[in-house]
Amino acid sequence: WGKHLRAVDVEVADAPPVEAGTTEPPLAGHRVSADGREATVVVYRRPVQLRAPDRPALVDLVRDLVAEQLADALGLDPADLDPGYEAP
């Protein structure tokens, strides 16, 4: 990802901000710096834990979420960043 981003941070938050009218909370999100060279991926711990039935599933889910969020930030397909990515 070096040619696209100078830095990528991954944060873990307990839960996403509450938005009116939302029935299902997001599992992750991202933000990109104003110059487009740095990105932060945020994984929401509680919704992710509730979705994953066991530790291996949790690891796979987090890996896929990070790939999806970075790909979205870069305008790429998640499989371009992570060959092991499995689309839901």
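Hi everyone. Before I start, one definition: I call two strands paired if DSSP finds at least two bridges between them. And please keep in mind that what you see above is a predicted model.

With that in hand, let's begin with β2 and β3. Strand β2, residues 28-32, and strand β3, residues 38-44, run antiparallel and are joined by 5 bridges. If you'd like a spot to look at, find H30, which stands opposite V41 in β3. The two strands make a hairpin with 5 residues between them. In that turn sits G36, with a positive phi of about 75°.

Now bring in β1. How do β1 and β3 pair? They pair in the parallel sense, over 7 bridges. Here V41 in β3 comes up again, since V10 stands opposite V41. Put together, 3 strands form an open sheet in the order β1-β3-β2, and the pairing is mixed. That leaves β1 and β2 as the edge strands, each pairing on one side only. On average, neighbouring strands of this sheet are turned by 20° against each other, if we ignore direction.

What lies against the sheet? Helix α2 packs on the sheet and touches β1, β2 and β3. The direction of α2 makes about 35° with that of β2.

Let me stay with α2 for a moment. The helix covers residues 55-74, so at 1.5 Å a residue its 20 residues should span 28 Å. The end C-alpha atoms of α2 are 29 Å apart, which agrees. At the start of the helix, a side-chain oxygen of D54 reaches to within 2.9 Å of the backbone nitrogen of A57. Just after the helix comes G75, with a positive phi of about 70°.

Which residues of α2 are buried? They are L61, D64, L65, V66, A67, Q69, L70, A71 and L74. Besides β1, β2 and β3, these buried residues pack against α1 (45-51) and α3 (78-81).

That takes us to the inside. The largest nonpolar core has 15 residues, and V48, L61, L65 and L70 touch the most other members. Two elements, β3 and α2, give two or more residues to this core. Helix α2 gives the most, with 6 residues. Take V48 as an example: leaving aside neighbours within four places in sequence, V48 is in contact with L27, V43, L58, L61, V62 and L65.

Two more residues before I finish. The first one I picked is Y44, which has its place in strand β3. Is Y44 buried or exposed? With the cut-off for buried at under 20% relative accessible area, Y44 is buried, because its value is 12%. Not counting residues up to four places away in sequence, Y44 touches A13, D14, A15, P16, P17, P26, L27, A28 and G29. One of those, P17, is 27 residues from Y44 along the chain, and their C-alpha atoms are separated by 9.8 Å.

The other is D82, in the segment after α3. D82 has a relative accessible area of 9%, so this residue is buried too. Leaving out residues up to four places away in sequence, D82 touches R63 and A67. You have already met A67, among the buried residues of α2.

That's my tour. Thanks for listening, and I'm happy to go back to any part of the model.

Note on methods: Residues numbered from 1 in each chain as written. Predicted model: local features only at pLDDT ≥ 70, side-chain atom pairs only at ≥ 80, totals over all residues. Heavy atoms only, no water. Helix = DSSP H or I, 4+ residues; strand = E, 2+ residues; numbered from the N terminus. Expected span 1.5 Å × (residues − 1). Buried < 20%, exposed > 50% of the residue type's maximum accessible area, 1.4 Å probe, protein only. Contact = heavy atoms within 4.5 Å. Polar contact = N/O pair within 3.5 Å; in protein donor to acceptor, adjacent residues only side chain to side chain. Axes fitted to C-alpha atoms, helices over the stretch in contact; angles between N-to-C directions. Core = buried A, V, L, I, M, F, W, Y, C linked by side-chain atoms within 4.5 Å.
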